[in-house]
Amino acid sequence: MNHKIIKLSRNTHNAPQNTIHSQTVAFSHYNNISAQLPIDPTTNKIVSTDIKEQINQCLSNLESIIKSIGHAKEDIIKINIFLTNILDIDAIDDIYANFFQDYYPTRMVIAVEALPIDGALVQIDAVISNGEGTHPQQPCQLIKMARNTDSAPKNALSTQTVAFSHYNNITAQLPINPKTGLIISDNISEQTEQCLNNIKAILESINVPLDDIVKINIHLKNLKDIDAVNEAYSTFFPDSAIARSVAYVPAQTVTIASALPMNALIQIDAVVSHGDGTPPQAVEDRHDIVIRASNTDNAPQNSMSTQTVAFSHYNHISAQLPINPTNSEISIGNIKEQAKQCLQNIKAIVESINHTMDDIVKINIQLTNVADINIVDDVYVQFFNNDRPARTVIGVSAIPMNSLIQIEAVVSNAEGTPLIKH
């Protein structure tokens, strides 16, 4: 691997610290921020039982981390909000609107079964722009491009798409008809199609094809709907002749939400390659930078997703279940064994593209029993030698294949992906 670009992990005493993960991990032109709970860093305890005070604390912690690395909240590209009660969304939005005021990042909101600390009602993580890059990149005044289209649903508290450098992040799309502003139906297949059509409309508005998506996140209310979702999903991917010729599908994670905004059955967000970059980067044909998708036989394969999709200076790893790749069955055993299998699968994928676990910048863990996190951590720390990634942990009601755990990752990619030679 090429070590020219440095991964930069940092912490500040002005926000809660955790020995298991870094508060922020920067690589190239992005920072990944660990999920912030409503913990007062001076007492290391939950600030209050009031949802508004909790959201204020989460945002305060987030802002303290961002300021500690010389950035501002206006540099936030993507916000993920995890609630234990979806009815709290109105209280969240009141605080949120005052926090951002002029510019709103892309956003995802779901209710989950549980959060890592008893009494926590909300948790927030974020991705922020990093125009100065990481050593030895030279700082440059890259422009953040926040855009909306009337062809997809608009939300006063989020931007549909925010591009920075070579990536776009798309706000989580609900199955809303943009003409009526209402959920289209109670049919899961139709709702899936509407979410994907909304994403497609946003991408077309910025002249980007659907097959430029490198990572898809599907949030489902009912696990039993997964087959119907997959059937609808497969009509959208691959979307072009080039993608069909190589059977390209993005990396993917499925999360079972306790509830979704507007009582939706499904919500989908996406991470998109952006080959032409944002000014003042030189404009190139967006397909001149290669999306490099790959699978290895040493980890479980899935026809609906690619194990790892690299673009420019990042790799996106599909969520890994505790599946033994030799027999495609869930690892029989307790949470410790399942956690180990998930991490071994990620390691096999990472090593197959000539990287190491220490190249990971962000880890997301789902557990059916969030209290298992202490057991998981005993296994987790054995897989990293140096600065650990930023991290988010949530408790969910179910995971595909009746698993106890599921883990996904974002990996730094110092060598970048190549240009097509003409």
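Tutor: Before we start, contact here means heavy atoms within 4.5 Å. Keep in mind, too, that this is a predicted model.

Student: Good to know! Which residues is Q23 in contact with, leaving aside its neighbours within four places in sequence?

Tutor: Quite a list: R10, N11, T12, A15, P16, Q17, N32, I33, S34, I65 and A390.

Student: And where does Q23 lie?

Tutor: Q23 is in the loop that runs between β1 (8-10) and β2 (24-27).

Student: Is Q23 buried or exposed?

Tutor: Buried, because its relative accessibility is 2% and the cut-off for buried is under 20%.

Student: What does the side chain of Q23 reach at 2.6 Å?

Tutor: That would be the backbone nitrogen of T12. A polar atom of the Q23 side chain also lies 3.0 Å from the backbone oxygen of P16.

Student: Switching loops, where does K154 lie?

Tutor: Look between β9 (145-147) and β10 (161-164); K154 is in that loop.

Student: Buried or exposed, this K154?

Tutor: K154 counts as exposed, since its relative accessibility is 54% and exposed means over 50%.

Student: Which side chain shares a polar contact of 2.6 Å with K154?

Tutor: The side chain of D150 does. Not counting residues up to four places away in sequence, K154 also touches N148, T149 and Q160.

Student: How many Å separate the C-alpha atoms of K154 and Q101?

Tutor: They are 16 Å apart, with the two positions 53 residues apart along the chain.

Student: What about G275, where is that one found?

Tutor: In the loop between β16 (266-273) and β17 (291-294). G275 is buried, at a relative accessible area of 2%. Its C-alpha atom is 5.7 Å from that of I289, and these residues are 14 apart along the chain.

Student: On to helices. At what angle do α6 and α7 pack?

Tutor: About 45 degrees, with the axes 9 Å apart; α6 covers residues 335-352 and α7 covers residues 373-380. So α6 is oblique to α7.

Student: Is their crossing left-handed or right-handed?

Tutor: The α6 and α7 crossing is right-handed.

Student: Which residues meet there?

Tutor: From α6 you have I335, K336, A339, K340 and L343, and they meet I375, V376, V379 and Y380 of α7.

Student: Last topic, cysteines. How many disulfides does a search of the whole structure find?

Tutor: Zero.

Student: And C58 and C342, buried or exposed?

Tutor: C58 is buried, with a relative accessible area of 0%. C342 counts as buried too, at 0% relative accessibility.

Note on methods
Residues are numbered from 1 along each chain as its sequence is written. This is a predicted model: local features need pLDDT of at least 70, side-chain atom pairs count only at pLDDT 80 or more; totals for chains, interfaces and linings use all residues. Side-chain values use heavy atoms; hydrogens and water are left out. A disulfide is a pair of cysteine sulfur atoms within 2.5 Å. Buried means under 20% relative accessible area, exposed over 50%, partly exposed in between (1.4 Å probe, protein chains only). Helices (H or I, at least four residues) and strands (E, at least two) are DSSP runs, numbered from the N terminus. A polar contact is a pair of N or O atoms within 3.5 Å; within protein, one must be able to donate a hydrogen and the other to accept it, and residues adjacent in sequence count only if both atoms are side-chain atoms. Axes are lines fitted to C-alpha atoms, for helices over the stretch in contact, and angles run from 0 to 180 degrees between N-to-C directions. Angles under 35 degrees count as roughly parallel, over 145 as roughly antiparallel, 65 to 115 as roughly perpendicular and the rest as oblique. A crossing is left-handed if the near helix is turned anticlockwise from the far one by less than a right angle, and right-handed if clockwise.
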